[in-house]
Protein chains: 6
Amino acid sequence: MVEYSEASAEVRAVYDDIMSTRKTDSVNNFWKALGTQPELLRRTWEGIKHVMAAGALDPLTKELVYLAVSATNQCAYCMASHSAGARAKGMTEEMFGELMAVIGMANQTNALAAGFRVPLDEQFRP
Amino acid sequence: MVEYSEASAEVRAVYDDIMSTRKTDSVNNFWKALGTQPELLRRTWEGIKHVMAAGALDPLTKELVYLAVSATNQCAYCMASHSAGARAKGMTEEMFGELMAVIGMANQTNALAAGFRVPLDEQFRP
Amino acid sequence: MVEYSEASAEVRAVYDDIMSTRKTDSVNNFWKALGTQPELLRRTWEGIKHVMAAGALDPLTKELVYLAVSATNQCAYCMASHSAGARAKGMTEEMFGELMAVIGMANQTNALAAGFRVPLDEQFRP
Amino acid sequence: MVEYSEASAEVRAVYDDIMSTRKTDSVNNFWKALGTQPELLRRTWEGIKHVMAAGALDPLTKELVYLAVSATNQCAYCMASHSAGARAKGMTEEMFGELMAVIGMANQTNALAAGFRVPLDEQFRP
Amino acid sequence: MVEYSEASAEVRAVYDDIMSTRKTDSVNNFWKALGTQPELLRRTWEGIKHVMAAGALDPLTKELVYLAVSATNQCAYCMASHSAGARAKGMTEEMFGELMAVIGMANQTNALAAGFRVPLDEQFRP
Amino acid sequence: MVEYSEASAEVRAVYDDIMSTRKTDSVNNFWKALGTQPELLRRTWEGIKHVMAAGALDPLTKELVYLAVSATNQCAYCMASHSAGARAKGMTEEMFGELMAVIGMANQTNALAAGFRVPLDEQFRP
């Protein structure tokens, strides 16, 4: 992992943008790990910054979607960092509980759809 | 698949509840496939009905979460039926585009977190 | 795909062993597709033949396990071919329904364990 | 996580049912984590209790299926808790070895079926 | 899907760049589907174009890596389009066979590592 | 886990072959865990040894493919052991960075292909 103090100017610029965008004074290990690959770091940060910003969907909804992907993929790091992010953006305990219920149900019915080999309904055909 | 006309009373009761809850006059193939297993059908429907209803999260947000799980799992049937469901609940083209961007980004960074073997930050430890 | 009539002696020997082991007079498309890669075909068939044979677990139980993996992975081909295999080995409709219920539940709780970031209990530590 | 001593009556009732059903005097962390969400806890426990009980498939077979899903999903917590469960229900070392061999083989051939883009055989079409 | 003839100037510019980069006179359905979301289209194409170009890894190696991810995820579309891409860049039948063997083996041993709950070796600790 | 000193002759023979093939004087935990299942150990090692050897694809390329599968599956152990293996075979930091960029991009576009329900292009049909 590349700490701020040892980072190149290019990497430091990304770390600075992360901290100012997120209004914190440190960067997460995810970014420090990507710090070994300056270009991948920059591109990934720019992607995240752009994609997670407010738009037609609000930032909290986007965090919930992010958590849904991460729980499905069993990504422990991503669940940890983004559930903190979601709470910071207003996710309550009640919302978290309903989110988890939907994620669990979707993973269940996804497996059922595959297991029962459900054919596509006429009206859903492209 | 079990059609309404050939369904048992138990299965028919579930089909009726699906149609009245969703305000349609037909049930999707997913439910007809589960119709061969009356109890699994009933339990799954009751779970879905309960979990996807309005609560701390609104029904559209829940559909977006559902789509995030389904795209991650490569569940073609689920993407088809629930993107129709999400549109019926108000998902615009712009929202769909942002949803897909977040899902794509989350799958990308999930793989990066695993690939870089990012250690959990102190503040995220349980 | 390599049909029997056009197969090399090496590939034909595998096809013959598949048909005699399974007591059928044709081989599935899976094997015909692997027929383009004689060595991978042979090694995969030998692995399957060995692993799926009766042992401490009976062949039907092994097929159920195979289906659990295949539904979880959303492998449509594998669900199709192995649910036929499981039925041929005695899987009833009732067993299939219970199998699907367990698979669905396991996929649900797997996602919940990740989502809730459940720490390992003392007694489960290696 | 919600410990028994600090649990509400609703949560405590579920914990009690878990302990009496499983004939133990403690509940696993999985349930304590869900204890923050009383309704999700209750629904999930009722689902597990029902689905994993003896039926057309015996409880040990169901645990093996559960392990197959969990290993495929890389769910570390689930592998830990349910391999203990499976051993408690009679899974021998030999059975575990064969189970793992089938799970490994199924994950291998699932990837091959996707990689070779194997078309569905005529006889497997719905 | 958005065809070239009906595309906006922004989308058409991306399609043009795809065709000139790939030296073809048509764009794949993947891009036409993303054509409904001009910005996601542009960002995704720029990402792919940059990431798949020759660098420390040659373009063919990158296609093989891409196929490994796609077979693991059961992404039928991605296998189809990128195995064509890999062949166009020089993948022989023999290379494809070895690629599939490695992908199959990796999926097998990934499941075994999870199933056996293998603890990290001292020398692999971060 | 079965240590060398306590291993049976059959298991010891595999450990010996692993150490002589890999030119090291110890075996990884993965193999020690499989040491409880002598036959699965032997078969898995023989498979790995054969599949990862030089052929139409060189051993480093095969390790990169292996890492692609492992990052996609979120297999922490496999990432740890095989990224060490890949570095030992010549993977530079720059190659690792590009590998991760391709893996991330492939996981992103795999999800997009599912999410947009992209139909197969005429020319990719089997």
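Visitor: How many residues of chain A are in contact with chain D?
Guide: Seven residues of chain A touch nine residues of chain D. Keep in mind that this is a predicted model.

Visitor: What area is buried between them, chain A and chain D?
Guide: About 600 Å². Carbon and sulfur atoms give 48% of that area. The size of an interface is often given as the accessible area lost when the parts come together.

Visitor: Which three residues supply the most on chain A's side?
Guide: Gln74(A), Glu93(A) and Arg117(A). Together they supply 63% of the area that chain A buries against chain D, more than any other three residues.

Visitor: New topic: cavities. How many of 30 Å³ or more are there?
Guide: The count is two. Rolling a probe the size of a water molecule over the atoms shows where empty space is left.

Visitor: How much space is in the largest cavity?
Guide: About 490 Å³. Its lining has 32 residues. The closest to the centre are Thr72(A), Asn73(A), Thr72(B), Asn73(B) and Asn73(D).

Visitor: Which helices supply at least two residues of that lining, the one of the largest cavity?
Guide: Chains A, C and F each do so with helix H4 (59-72) and helix H6 (93-115). Chain B does so with helix H6 (93-115).

Visitor: And how does the lining of the largest cavity divide by class?
Guide: Into 25 polar, seven nonpolar and no charged residues.

Visitor: What about the second largest cavity, what volume does it have?
Guide: About 90 Å³. Of its 13 lining residues, the closest to the centre are Asn73(C), Asn107(D), Thr72(E), Asn107(E) and Asn73(F).

Visitor: Which helix gives the most to the lining of the second largest cavity?
Guide: H6(D), with three residues. By class, this second lining has nine polar, four nonpolar and no charged residues.

Visitor: Back to helices, then. At what angle do H3 of chain C and H6 of chain D pack?
Guide: At about 145°, with the axes 10 Å apart. H3 of chain C covers residues 38-52, and H6 of chain D covers residues 93-115.

Visitor: Is the crossing of H3(C) and H6(D) left-handed or right-handed?
Guide: Left-handed.

Visitor: Which residues make the contact between H3(C) and H6(D)?
Guide: H3(C) brings Leu40(C), Thr44(C), Gly47(C), Ile48(C), Val51(C) and Met52(C). H6(D) brings Ala101(D), Val102(D), Met105(D), Thr109(D) and Leu112(D).

Visitor: How many of the residues in the contact of H3(C) with H6(D) are nonpolar?
Guide: Eight are nonpolar, three are polar and none is charged.

Note on methods:
Residues are numbered from 1 along each chain as its sequence is written. Chains are lettered from A and ligands numbered from 1 in the order in which they are written. This is a predicted model: local features need pLDDT of at least 70, side-chain atom pairs count only at pLDDT 80 or more; totals for chains, interfaces and linings use all residues. Side-chain values use heavy atoms; hydrogens and water are left out. Axes are lines fitted to C-alpha atoms, for helices over the stretch in contact, and angles run from 0 to 180 degrees between N-to-C directions. Helices (H or I, at least four residues) and strands (E, at least two) are DSSP runs, numbered from the N terminus. A crossing is left-handed if the near helix is turned anticlockwise from the far one by less than a right angle, and right-handed if clockwise. Contact means heavy atoms within 4.5 Å. Ala, Val, Leu, Ile, Met, Phe, Trp, Tyr, Cys and Pro count as nonpolar, Asp, Glu, Lys and Arg as charged, and the others, Gly among them, as polar. On a 1 Å grid over the protein atoms alone, a cavity is a set of points where a 1.4 Å probe fits but cannot get out, and a pocket is an open set with protein on both sides within 12 Å along at least five of seven lines; lining residues have an atom within 4 Å of a point. Grid points are joined across faces, edges and corners, and a volume is the space filled by probe spheres set on the points. Buried area is the accessible area (1.4 Å probe) that two parts lose on being put together, summed over both.
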